[in-house]
Amino acid sequence: MDLIMNNTDLSSFEEIKNIKKQYGEKLVILGHLYQRKEILDLSDYKGDSFALSKNAAEQKNAKHIIFAGVHFMAESAAILAQSGQIVQLPSMNAGCPMADMAELADVEHAWNMVTDALPGQTIIPITYMNSTADIKAFCGKHGGAVCTSSNAEKLFKWALKNGDKIFFFPDEYLGRNTSNALGIPRDKQFLWNPHKNEEYSAKDISSAQVFLWRGYCHVHRFFSEEHVKETRTAYPDAVIIAHPECREQVIANADYSGSTSFISKYVENAPKGSVIAIATEVTMVDRLAVEYPDKKIIPVTRSICPDMFQITLKNIKETLDNIGSRNVITVSDEIKKFGGMALRTMINVTMGN
Ligand code: SF4
């Protein structure tokens, strides 16, 4: 750990370390890559949302799972948790505006319209991990799956092999970037606006191959084509990597696009002296710059996720002081069953099982 912390943080850091020692393998802290360095230094597992959901599913000995991430991630861990395991989120203010853009009632309404308009056709619902537990359960119940930015292409291919069309929630941009990468023509990508006043016609619906829910991550939508071009001009030798939640023009102008795990591995493996500009959440970019001082790691522009930033050493310590009782994340049996089916389908398809 080489960040400068204030005295309160330093004492929380040491106390958390001691509590972890006391609980041993009964306690696991999962840290998303957008968390601050000092939090990841205390995490037993750190990764993107796919890796962490797999880690959560594999915890056989841990009774307590503390999720340093946002609410939908802790919900996914609760869906996959074994009986008796307790999942806690250090701050209930750590939500995700994008996850909240797909509400179950709107999704069910859209689903009924599409399935009524396409009798005899198989529509596979896929939801991005960044969605609420009831949307994951909806997908599981209708033969679909979850995906993350690291496996979206695999899940789209799986869905098109097993069905006629995909309904993808809630991130339009990840859906477009994945569809573009798979060569699905633009006129077959149907943008579904849940706030449109009039109904879509059966003719509109029948021409689509992929329905894209109109949702977005404000942190990644902030990046523009101009930001990428300005970075290219200022740093002509830089390799530019953009997260697939960015707009398609940003992806088209970047050198690579990939999940947080892809970005981390790229930086780790890049030769000394490399210049790498990254279009994703800036806490992660700043952390990579500290961890790899022999490379120049810069943000394409600074865009922070205020929700991820809600997790602090202080509230992790408070959670551990109230282990098993503070901010416990639970899901109903129904959501556990169907959400679990959707998450396990993702894990199986991704691992080639
Ligand atoms: S970075 Fe975007 S998708 Fe991730 S938690 Fe923040 S708002 Fe949600």
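An open sheet of four strands, paired in parallel, has the order β11-β10-β12-β13. Because β11 (256-257) and β13 (296-299) stand at the edges with a single partner strand each, one side of each is left without a neighbour in the sheet. The structure is a predicted model, in which local features need pLDDT of at least 70 and side-chain atom pairs count only at pLDDT 80 or more, whereas totals for chains, interfaces and linings use all residues. Residues are numbered from 1 along each chain as its sequence is written, and side-chain values use heavy atoms, with hydrogens and water left out. Strands (E, at least two residues) and helices (H or I, at least four residues) are DSSP runs numbered from the N terminus, and two strands are taken to pair if DSSP finds at least two bridges between them. In general, strands of a sheet pair through backbone hydrogen bonds, either parallel or antiparallel.

Within the four-stranded sheet, strand β10 (residues 239-242) is joined to strand β12 (residues 275-279) by four bridges, and the two run parallel. Ile-241 stands opposite Ile-278 in β12. Four bridges also link β12 and β13 in the parallel sense, and the bridge partner of Ile-276 in β13 is Ile-297. The chain passes from β12 to β13 through helix α14 (residues 282-291), and this β-α-β crossover is right-handed (with the strands pointing away from the viewer, the path from the first strand over the helix to the second runs clockwise).

Parallel pairing is also found for strand β5 (residues 123-128), which is joined to strand β7 (residues 165-169) by five bridges. Lys-165 in β7 is the bridge partner of Ile-123. With strand β6 (residues 145-147), β5 pairs in the parallel sense over three bridges, and Ile-126 stands opposite Ala-145 in β6. Helix α6 (residues 133-141) carries the chain from β5 to β6 in a right-handed β-α-β crossover. Strand β5 is mostly covered, six of its six residues being buried (under 20% relative accessible area, with over 50% termed exposed and values in between partly exposed; 1.4 Å probe, protein chains only). Ile-123, Pro-125 and Thr-127 are buried on one side of β5, and Ile-124, Ile-126 and Tyr-128 are buried on the other.

Burial also applies to Leu-30, with a relative accessible area of 0%. Leu-30 lies in strand β1 (residues 27-32). Between Leu-30 and Val-282, the separation is 252 residues in sequence and 20 Å in space, C-alpha to C-alpha.

The residues around the ligand (those with a heavy atom within 4 Å of it) are Tyr-34, Val-70, Cys-96, Pro-97, Met-98, Asn-130, Cys-217, His-218, Val-219, Glu-245 and Cys-305. By class, this shell has eight nonpolar residues, two polar residues and one charged residue; Ala, Val, Leu, Ile, Met, Phe, Trp, Tyr, Cys and Pro count as nonpolar, Asp, Glu, Lys and Arg as charged, and the others, Gly among them, as polar.

Two backbone features concern loops. Most residues other than glycine have a negative phi, and most peptide bonds are trans. The peptide bond from Phe-169 to Pro-170, however, is cis, with omega near -25 degrees. Pro-170 is found in the loop between β7 and α8 (172-181). Asn-327, a residue other than glycine, has a positive phi near 50 degrees and is found in the loop between α15 (313-321) and α16 (333-351).
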